Amino acid sequence: AGISSWMPVGRAATVIVATGRDLQQALDAEDEVIKLSTHVLVNRTMSKIGNSSISDARNGYNLTLDGQGFSIDGGGRVGCLHLEFCATVVLTNITLSRGFAEFGGGFFGKKLFYLMWNHVTISYSNATDGGGAYIVDTTVGVQSVNIFNNRARENGGGLHLSYVAFEASDLSVEKNRAGDGGGGMYCQNVY
């Protein structure tokens, strides 16, 4: 099968993907702009773990994932998206739904230099911590984001944030549940 469509843009490529396999290949290839062409049901967590030995995270992998109104769906069996040790990550016009993981059912982000969510929905996901999303050691900006109907067995039904600089505009966190703390949001060392 392989990648659905390649369109070179300078140093990086814009890749259009239609399957989980294509999406994972694009992440592995460190393509900087990835666009969904349809809803993507994944059978394993889509992940990218960058180079943790880079002394300045700004020199790492930059990613823009444009859902174009489509979704990544974990099918209630796997996490939707897991990113670590990346530079700038932008998620736009995308829904992450029905994810299931130990940390961050819909989204897991660790040690990202900067994470921006623009027109993102995270819904119907479950985890031990951070049912919708689990984000640690990252600077985060969100705009027009809806996080609803997620569950955490322990903390952060909607969002679990630890050691995060967080700025939000038009953030809706509704109908999330947690067994211990922070049904909507659980925040530890957030500024």
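Strands β3 and β6 (residues 63–66) run parallel to each other and are joined by three bridges. Within this pairing in the predicted model, Lys-35 has Asp-66 of β6 as its bridge partner. Strand β3 itself covers residues 33–36, and its side chains alternate along the strand. Ile-34 and Leu-36 point to one face and are buried, whereas Val-33 and Lys-35 point to the other face and are not buried.

From β6 the pairing continues to strand β9 (residues 88–97), again in the parallel sense, with four bridges between the two strands. Here Leu-65 stands opposite Leu-91 of β9. Strand β9 also takes up β7 (residues 71–73), to which it runs parallel over three bridges; in this pair, Asp-73 is set opposite Ser-97. A further partner of β9 is strand β12, spanning residues 114–123, and this parallel pairing comprises nine bridges. Ser-97 appears once more at this point, standing opposite Ser-123 in β12. Ser-97 thus faces Asp-73 of β7 and Ser-123 of β12. In general, the strands of a sheet are held in register with one another through backbone hydrogen bonds, in either a parallel or an antiparallel arrangement.A separate description applies to an open sheet of four strands, ordered β10-β13-β15-β17 and paired in parallel. Its edges are formed by β10 (100–103) and β17 (177–178), each of which pairs on one side only. Strand β15, made up of residues 151–152, is joined to β17 by two bridges, and the two run parallel. In β17, Arg-177 lies opposite Arg-151.

Turning to the chain as a whole, the protein contains one helix and 18 strands. Its radius of gyration is 15 Å, close to the 16 Å that the globule rule gives for 191 residues, so the protein is as compact as a globular protein of that length. The C-alpha trace spans about 45 × 35 × 30 Å along the principal axes. Of the 191 residues, 50% count as buried. Among contacts with a separation of 6 or more, 72% come from residues 24 or more positions apart.

One charged residue deserves a look of its own. Glu-84 belongs to strand β8, which covers residues 81–84. Glu-84 is buried but has no salt bridge, and the nearest side chain of opposite charge, that of Lys-110, is 4.3 Å away. For a salt bridge, the side-chain nitrogen and the carboxyl oxygen would have to be within 4 Å. Lys-110 is nevertheless one of the residues in contact with Glu-84 when neighbours within four places in sequence are left aside. The others in that set are Lys-48, Ile-49, Gly-50, Phe-108 and Leu-112.

The cysteines complete the picture. With a disulfide taken as a pair of cysteine sulfur atoms within 2.5 Å, the count comes to zero disulfides. Cys-80 is in no disulfide, and the nearest cysteine sulfur, that of Cys-86, is 17 Å away. Cys-86 is likewise in no disulfide, with the sulfur of Cys-80 as its nearest at 17 Å. Cys-80 counts as buried because its relative accessibility is 0%, and Cys-86 is also buried, with a relative accessible area of 1%.

Methods:
Residues numbered from 1 in each chain as written. Predicted model: local features only at pLDDT ≥ 70, side-chain atom pairs only at ≥ 80, totals over all residues. Heavy atoms only, no water. Buried < 20%, exposed > 50% of the residue type's maximum accessible area, 1.4 Å probe, protein only. Pairing = 2+ DSSP bridges. Lys, Arg positive; Asp, Glu negative; His and termini not counted. Contact = heavy atoms within 4.5 Å. Rg over C-alpha atoms; globule rule 2.2 N^0.38 Å.
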